[in-house]
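Me: Got a minute to walk through this one with me? I'd like to go over the backbone oddities and then the rest.

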Amino acid sequence: MKNIRPLYWKNHKAYIMNQLLLPDKVVFNPATNHIQVAKAIKDMVIRGAPAIGIIAAFGMALASKEKKFKTVDELLTYVKKAGDHLVKSRPTAVNLFWAVQRMMNRLVQFSIDSEEFGNEQKQIKFVQDKIEKEALNVWEEDVEMNRKISKFGASLIEKNSKIITHCNAGALATGGIGTALGVITEAHKQGKVQMVYADETRPYLQGARLTAWELKQMHVPVTLITDNMAGYIMNTENVRAIIVGADRITKNGDTANKIGTYSLAILARFHNIPFYVAAPTSTIDLNKKTGKEIPIEERSSEEVTTIAKKRMAPKNVLARHPAFDVTPAELIKSIITEKGVFTYPYNF
Ligand code: MRU
């Protein structure tokens with residue numbers, strides 16, 4: 001399948017691929033209002049930090065047309081409330097907050113710009129058109145950021161590399177070709193990739209369901225491993241790089257990413273394998289000094305006690321599902337962004 005994408009925008013509506021159905025089915029469902037968008041984010045129908053940001057921006061655009069507004073101020077108040085609702089859908093990926101804040105800032109500017117039209121309905125139409133265009137800009141900019149990240153990242157990969165990746169930081173998680181997987185597919189185009197080991201990524205199986213699927217679609221050699229095999233593979237397979245995405249990077253370079261990333265980084269340090277994070281600058285949260293300040297999503301423990309809805313553990317056993325962990329900056333050799341490659345100690 002060419003053109004893997006988590007969403008598209010057509011006739012003023014968002015269409016979201018239901019990633020819960022992958023790898024068996026590719027199904028896009030329309031989202032016509034911000035409530036549906038927030039639910040799709042919460043239920044992980046769409047996931048991955050940049051993709052969540054993009055769909056939230058479209059959620060704001062949808063909100064601007066959900067009602068017949070009498071004034072621009074009324075529209076503004078309504079869309080702001082929609083933004084407040086959207087940001088409650090998931091707590092860790094900063095791109096969600098970044099996108100909603102950007103859309104709100106632009107909305108305020110558009111409402112000021114609209115004043116020259118005099119007529120209230122014309123002003124409203126102006127603001128609605130502009131805000132839709134802004135959501136498209138958020139998407140297009142992500143495509144471009146992915147492209148740049150991939151080029152910068154691929155230059156760090158040695159010939160004939162075996163690479164480990166975790167979770168899914170590919171086209172399904174972004175607007176374009178992906179971050180970590182963008183680097184890998186670009187390096188593969190350059191003939192540098194011998195094998196990609198994709199961690200299955202318990203409990204949500206993004207590695208098995210999404211990354212393995214995506215890499216197969218791209219004809220990149222991929223071997224699926226369970227998360228607890230990573231140390232063995234590092235020890236026996238001459239792995240040359242570990243590349244992952246990010247959900248939030250703090251000022252000092254601490255990086256929140258899918259649960260299991262931290263363990264992988266420690267294993268990488270022991271085996272002297274460079275550990276890279278690939279992410280757009282929209283994932284960097286300069287308001288947070290260290291990873292200790294990042295809110296970590298705690299999801300239902302049922303996602304741990306069951307696999308594909310089948311219970312695997314004793315009834316009522318205590319279980320936990322922190323969905324992310326934080327990798328300390330000192331374990332990360334470089335952070336690859338669209339602005340270039342930053343190396344520890346980080347100063348963005
Ligand atoms: O829970 P998810 O699937 O949204 O978690 C996604 C990840 O942790 C990704 O690795 C991260 O968002 C980077 S996506 C380019």
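Reply: Sure, one term before we start: helices (H or I, at least four residues) and strands (E, at least two) are DSSP runs, numbered from the N terminus. The model is predicted, so local features need pLDDT of at least 70 and side-chain atom pairs count only at pLDDT 80 or more, while totals for chains, interfaces and linings use all residues. Residues are numbered from 1 along each chain as its sequence is written, and side-chain values use heavy atoms, with hydrogens and water left out.

Me: OK. Where is Pro-345 found?

Reply: Pro-345 sits in the segment after strand 16 (340-343). The peptide bond leading into Pro-345 from Tyr-344 is cis, with omega near 0°.

Me: And the bond from Arg-202 to Pro-203, cis or trans?

Reply: The Arg-202 to Pro-203 peptide bond is cis, again with omega near 0°. Pro-203 lies in the loop between strand 5 (193-199) and helix 7 (206-217).

Me: What about Asn-160, what is its phi?

Reply: Asn-160 has a positive phi of about 65°, although it isn't a glycine. Look for Asn-160 in the loop between helix 5 (120-154) and strand 4 (161-165).

Me: Buried or exposed there, Asn-160?

Reply: Asn-160 is exposed, with a relative accessible area of 53%. The cut-offs: buried means under 20% relative accessible area, exposed over 50%, and partly exposed in between, using a 1.4 Å probe and protein chains only.

Me: And what phi does Asn-272 have?

Reply: Asn-272 has a positive phi of about 60° and is not a glycine either. Asn-272 is in the loop between helix 9 (261-270) and strand 10 (275-278), and is exposed at a relative accessible area of 71%.

Me: Back to helix 7. How many of its residues are buried?

Reply: Nine of the 12 residues in helix 7 are buried, so the helix is mostly covered. Among them are Trp-213, Glu-214 and Arg-209.

Me: What covers the buried residues of helix 7?

Reply: The cover includes strand 4, helix 6 (180-189), strand 5, strand 6 (222-225) and strand 9 (255-258). Contact here means heavy atoms within 4.5 Å.

Me: How far apart are the end C-alpha atoms of helix 7?

Reply: They are 15 Å apart, which agrees with the 16 Å that 12 residues should span at 1.5 Å a residue. The expected span is 1.5 Å times one less than the number of residues. Just after helix 7, His-219 takes a positive phi of about 60°.

Me: Switching to sheets. In what order do strands 1, 2 and 3 come?

Reply: They form an open antiparallel sheet in the order 1-2-3. Strand 1 (7-10) and strand 3 (28-31) are at the edges with a single partner strand each, so one side of each has no neighbour in the sheet. The twist averages 25° from one strand to the next. Two strands pair if DSSP finds at least two bridges between them.

Me: How many bridges between strand 2 and strand 3?

Reply: Strand 2 (residues 13-17) and strand 3 pair over four bridges, and Ala-14 stands opposite Ala-31 in strand 3.

Me: What does Asn-29 touch?

Reply: Leaving out residues up to four places away in sequence, Asn-29 touches Ala-14, Tyr-15, Ile-16 and Asn-18. Asn-29 is in strand 3 and is partly exposed, at 38% relative accessible area.

Me: Which strands form the mixed sheet?

Reply: That open sheet has four strands in the order 11-8-9-14. Strand 11 (284-285) and strand 14 (324-327) are its edge strands, each pairing on one side only. Strand 9 and strand 14 pair in the antiparallel sense over four bridges, and Lys-258 has Phe-324 in strand 14 as its bridge partner. Helix 9 packs on the sheet, touching strand 9 and strand 14, and its direction makes about 35° with that of strand 14. Axes are lines fitted to C-alpha atoms, for helices over the stretch in contact, and angles run from 0 to 180 degrees between N-to-C directions.

Me: Last one: how many cavities of 30 Å³ or more?

Reply: Two. On a 1 Å grid over the protein atoms alone, a cavity is a set of points where a 1.4 Å probe fits but cannot get out, and lining residues have an atom within 4 Å of a point. Grid points are joined across faces, edges and corners, and a volume is the space filled by probe spheres set on the points. The largest cavity holds about 170 Å³. Its lining has 22 residues, with Arg-47, Gly-48, Ala-49, Asn-168 and Asp-247 nearest the centre. Helix 2 (49-63) and strand 9 are the elements giving two or more residues to that lining.

Methods: 1 Å grid on protein atoms, 1.4 Å probe; cavity = no way out; pocket = protein on both sides within 12 Å on 5 of 7 lines; lining within 4 Å.
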